[in-house]
Amino acid sequence: MGTLTYDSKLTVSLDDRVLAHLQPVIWSKLRRGEPFSFTWTDPMRPGLGRTSVWLSPNIPLAFEYFGSRAPRLNPLWLDALSKAANSPTGLSIVPEPEAPEAP
């Protein structure tokens, strides 16, 4: 489990694989100067439903990974997360699509 820290105040624990897919999507949006919302549920914090934050280039973010090896990225998942980030409701963690089987 890695962590995403928002504005040095709010930390969420996420699986390293999820975090590794969120990072390029978030960096891409912020690099273009595009603020957007990010909403997630945190099953590790009982009693809390959803958390939603406004991400913009001037708010510090930190991605910290538990494992030392970067997972292989699924381009289909990156695309699905990017589409979510560009939607009116903003980025949310969508299920990872399975890669099509090779013929």
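Is Leu-19 buried or exposed, and what is its relative accessible area? Leu-19 is buried, with a relative accessible area of 0%, where buried means under 20% relative accessible area, exposed over 50% and partly exposed in between, for a 1.4 Å probe and protein chains only. The model shown in these views is predicted, so that local features need pLDDT of at least 70 and side-chain atom pairs count only at pLDDT 80 or more, while totals for chains, interfaces and linings use all residues. Residues are numbered from 1 along each chain as its sequence is written, and side-chain values use heavy atoms, with hydrogens and water left out.

**View 1. Leu-19 in helix H1 and the residues it touches.** Leu-19 lies in helix H1, residues 16-31; helices (H or I, at least four residues) and strands (E, at least two) are DSSP runs, numbered from the N terminus. Setting aside residues up to four places away in sequence, Leu-19 touches Gly-2, Thr-3, Leu-4, Leu-14, Phe-63, Glu-64 and Tyr-65, a contact being heavy atoms within 4.5 Å. Glu-64 is 45 residues from Leu-19 in sequence, yet their C-alpha atoms are 8.6 Å apart in space.

**View 2. Asp-16, a buried residue of helix H1.** Asp-16 is buried yet has no salt bridge, that is, no side-chain nitrogen of Lys or Arg within 4 Å of a carboxyl oxygen of Asp or Glu. The nearest side chain of opposite charge, that of Arg-17, is 10 Å away, where Lys and Arg count as positive and Asp and Glu as negative, while His and the chain ends are not counted. Beyond its neighbours within four places in sequence, Asp-16 is in contact with residues including Met-1, Tyr-65 and Pro-71.

**View 3. Strand S3 and its two partner strands.** Five of the six residues of strand S3 (36-41) are buried. S3 pairs with strand S4 (50-55) in the antiparallel sense over six bridges, with Ser-52 as the bridge partner of Thr-39; two strands pair if DSSP finds at least two bridges between them. S3 and strand S6 (91-92) run parallel and are joined by two bridges, and here Leu-91 is the bridge partner of Phe-38.

**View 4. The largest nonpolar core.** Of its 22 residues, Leu-22, Ile-26, Phe-38, Leu-55, Leu-61 and Leu-91 touch the most other members, a nonpolar core being a set of buried Ala, Val, Leu, Ile, Met, Phe, Trp, Tyr and Cys residues joined through side-chain atoms within 4.5 Å. H1 gives the most to this core, with six residues.
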